[in-house]
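Student: Hi, could we go through this structure together? I'd like to take it slowly and ask things as they come up.
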Amino acid sequence: MPVLRVECQWTQKDLAEKVGVSRQTIISIEKGKFTPSLILGFQIAKAFGVDINEVFQLETEKEG
């Protein structure tokens, strides 16, 4: 998500305002400390104009 935000030249505050959350929420999502609700996930994707899969990817644990 930070890559998309930077490509759009948005600050964390800009994105937060576009989706109606606090800047701290965006920081927590970007750091992986907070998993957004499905609704918020779709709002973020809509703000970027992309599919939700382009914003969030499931990270799987590496074996070994």
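Tutor: Gladly, and let us begin with one word we shall need: a contact means that heavy atoms lie within 4.5 Å. Please also keep in mind that this is a predicted model.

Student: Okay, contacts are clear. What covers the buried residues of α3, then?
Tutor: The cover over the buried residues of α3 includes α1, α2 and α4. The residues concerned, that is the buried ones of α3, are I26, I27, S28, I29 and E30.

Student: Let me step back a bit. How many helices and strands does the protein have?
Tutor: There are 5 helices and 0 strands, and reading from the N terminus the order of elements is α-α-α-α-α.

Student: And how much of the protein is buried?
Tutor: Of its 64 residues, 33% count as buried. As for the outside, the protein exposes about 5,000 Å², of which carbon and sulfur atoms supply 50%.

Student: Can we look at α2 now? Which of its residues are buried?
Tutor: Helix α2 covers residues 12–19, and its buried residues are Q12, L15, A16 and V19. If you look down the axis of α2, these buried residues fall within an arc of 100°, so they line one face of the helix.

Student: What does the face turned away from the buried side carry?
Tutor: On that face of α2 you find the exposed residues K13 and E17. The buried residues of α2, by contrast, pack against α1 (2–7), α3 (23–30) and α4 (38–48).

Student: Take V19 from that list: what does it touch?
Tutor: Leaving aside residues up to four places away in sequence, V19 touches I26, L40, Q43, I44 and A47. V19 also belongs to the residues with the most contacts inside the largest nonpolar core, which has 14 residues; the others named there are M1, L15, I26, I44, F48 and V55.

Student: Which helices supply that core?
Tutor: Helices α2, α3, α4 and α5 (52–55) each supply at least two residues of this core, and α4 gives the most to it, with 4 residues. As a general remark, nonpolar side chains in soluble globular proteins tend to be buried together.

Student: Since α4 gives the most, which of its residues are buried?
Tutor: The buried residues of α4 are L40, G41, I44, A45 and F48. Viewed down the axis of α4, they fall within an arc of 140°, so here too the buried residues line one face of the helix. The face of α4 turned away from its buried side carries the exposed residues I39 and K46, while the buried residues pack against α1, α2, α3 and α5.

Student: New topic, aromatic rings. How many aromatic pairs are there?
Tutor: The count comes to 1 aromatic pair. The rings of W10 and F48 have their centres 5.2 Å apart and their planes at 15°, so this pair is stacked.

Student: And where do the two residues lie?
Tutor: W10 lies in the loop between α1 and α2, whereas F48 lies in helix α4, so the pair ties together parts that are 38 residues apart in sequence.

Student: Are W10 and F48 buried or exposed?
Tutor: Both W10 and F48 are buried. In addition, K18 lies over the face of W10, at 4.7 Å from the ring centre.

Student: Last topic, the loops. What follows α2?
Tutor: G20 follows α2, and its phi is positive, near 80°. G20 sits in the loop between α2 and α3, and at 65% relative accessibility G20 counts as exposed, the cut-off for that word being over 50%.

Student: What comes after α3 and after α4?
Tutor: After α3 comes G32, with a positive phi near 80°, and after α4 comes G49, with a positive phi near 75°.

Student: Which residue has a positive phi although it is not a glycine?
Tutor: One such residue is Q9, with a phi of about 60°. Q9 is found in the loop between α1 and α2, and at 74% relative accessibility Q9 counts as exposed.

Methods:
Residues are numbered from 1 along each chain as its sequence is written. This is a predicted model: local features need pLDDT of at least 70, side-chain atom pairs count only at pLDDT 80 or more; totals for chains, interfaces and linings use all residues. Side-chain values use heavy atoms; hydrogens and water are left out. Buried means under 20% relative accessible area, exposed over 50%, partly exposed in between (1.4 Å probe, protein chains only). The arc is that of the directions from the helix axis to the C-beta atoms. Accessible areas come from the Shrake-Rupley method with a 1.4 Å probe; for residues, only the protein chains shown count as cover. A nonpolar core is a set of buried Ala, Val, Leu, Ile, Met, Phe, Trp, Tyr and Cys residues joined through side-chain atoms within 4.5 Å. Rings of Phe, Tyr and Trp (its six-membered ring) pair if their centres lie within 6.5 Å; planes under 30 degrees apart count as stacked, over 60 as edge-to-face and the rest as tilted. A charge sits over a ring if NZ of Lys or CZ of Arg is within 6 Å of the ring centre and within 35 degrees of the ring normal.
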